[in-house]
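Please consider the sequence and the model shown here. The paragraphs that follow turn to strand pairing and then to the cysteines.

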Amino acid sequence: MPRATFTFPGGFLWGAATAAHQVEGNNQNNDWWAWEQQEGRIVNGDRSERACDWWAGRWREDFDRAHETYQNAHRLSVEWSRIQPEKDRWDESALDRYRQMLLGLKERDMTAMVTLHHFTSPLWLTEMGGWENEAVVELFAAFSRRVVEALGSHCDYWVTINEPNVYMSGGYLGGGFPPGKNDIKTALKVLRNMLKAHAAAYQAIHEAQSGAMVGVAHHWRGFLPANRGPLTRFSANLHNKVFNEAFPQALRTGKFDAVMLKEDIPQAKDTQDFIGLNYYTRELVRFDLSKPSEVFTQRFYPKDAELSETDFLNNDPEGFKACIKWGAQFGKPIYITENGVDDSKDDFRRKYLLQHLHAMWHAVNHNVPVKGYFHWSLVDNFEWERGWTQRFGLWGIDPATQARTRRMSVDLYADICRTNSITSECVEKYCPEVYERIYPV
């Protein structure tokens, strides 16, 4: 039986990722809370309610769990509607509570990475038209500046916007996010405004904290043509161009090109100090006349796909390699800002985690500058329009009682974090069924 240790570079960041609305609870002043109150918006009528009860203080015990299992970093987000509950009013007590969270990470010797916008917006902003209104650019820059001025002494890594492409498609291409529109022109206008807002925030953050490291958490999803037909290849290329390429390429060139909307935005050029990559899976696409609302495209997984328990994700570590290789083109440090899978039984997660971390090691071993990995997620949380039906946490949670359950993946990930490596013993102990995939004879 072959044996080997796959070691990561010294100083590698190992952590998990969370988002404010998904874990804090009682975020009643944003668009998502309002969305949850509308019938039919969330699977099973679920609501975030207390979520993981972090705003009431349970972040402390969850940070303890992360620290005690050798995680040395954590990615969290701040809630805009708490910090700026009205357009002309700031809540210093909310900033102080986030300051306590960041101090909590520092006391546990954990590096903080803070996201400024993770899908939720204040109600006062949505009443102005939200991200459709270009006034959001300066409003977001002002918010970013205020947060960094208040919290910058406890954090060096800032993500301006989480998954602007997912926010666009979820809210404006029929994906089930607020405001629930389905209009490609509006969708691309929102993506463009997010690009301008990121650029303005980048400048504001660096003015407030000269040594800050600033980036975007970009969701990369592979779109593979299901056949050689020209229309199918066109569909795959269109999805790739708009979803994967338009936003990040503009950060390099200052030219926004989303096929149906193009604009020179020179202020966006060179506004990233690192590349944040969120990767979950790839999928096949083919041209389909019956799906006009999806740009005449059907998206699906291969017949032999290893699917998660809700058929939401395919276990595709080769896609992860492709994602990281794609990210290397920008010549910046790379942080995997999200990667994980839904699995309440915690069987599939261990396979997925080991195979994806092994794929990441291959990229690192080929000199791709991956500097850290944040697993999604630390604990089960409210998964947006899917409510509580998907369990992505290393720790399980009962939202009714707030009881945490230690899954075996906790110990698997702890072994990797502790040793900064994947060892034969770790694979053999926690997931022997993938041993021959990682150590082929």
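Which residue stands opposite histidine 375 in E14? In this predicted model, that position is taken by alanine 16. The pair belongs to a longer contact: strand E2, residues 13–17, runs parallel to E14 and is joined to E14 by five bridges.

E14 also pairs with another strand. Strand E13, which spans residues 334–338, lies parallel to E14 and is connected to E14 through three bridges. Here isoleucine 334 is found opposite valine 370 of E14. The connection between these two strands involves helix H12, residues 348–365, and together E13, H12 and E14 form a β-α-β unit of right-handed sense. E14 itself, covering residues 370–376, is mostly covered, with six of its seven residues buried.

The cysteines present a separate matter. A disulfide is a covalent bond linking the sulfur atoms of two cysteines. A search of the whole structure returns zero disulfides. Cysteine 52 takes part in none, and the nearest cysteine sulfur, belonging to cysteine 417, is 19 Å away. Since a disulfide requires the two sulfur atoms to be within 2.5 Å, that distance of 19 Å rules out a bond between cysteine 52 and cysteine 417. Cysteine 52 is moreover buried, its relative accessible area being 0%.

Why does cysteine 417 form no bond with cysteine 426? The closest cysteine sulfur to that of cysteine 417 is the one in cysteine 426, and no bond forms because the separation of 10 Å is too far. Cysteine 417 is likewise buried, at a relative accessible area of 8%.

Definitions and conventions: Residues are numbered from 1 along each chain as its sequence is written. This is a predicted model: local features need pLDDT of at least 70, side-chain atom pairs count only at pLDDT 80 or more; totals for chains, interfaces and linings use all residues. Side-chain values use heavy atoms; hydrogens and water are left out. Buried means under 20% relative accessible area, exposed over 50%, partly exposed in between (1.4 Å probe, protein chains only). Helices (H or I, at least four residues) and strands (E, at least two) are DSSP runs, numbered from the N terminus. Two strands pair if DSSP finds at least two bridges between them. A crossover is right-handed if, with the strands pointing away from the viewer, the path from the first strand over the helix to the second runs clockwise.
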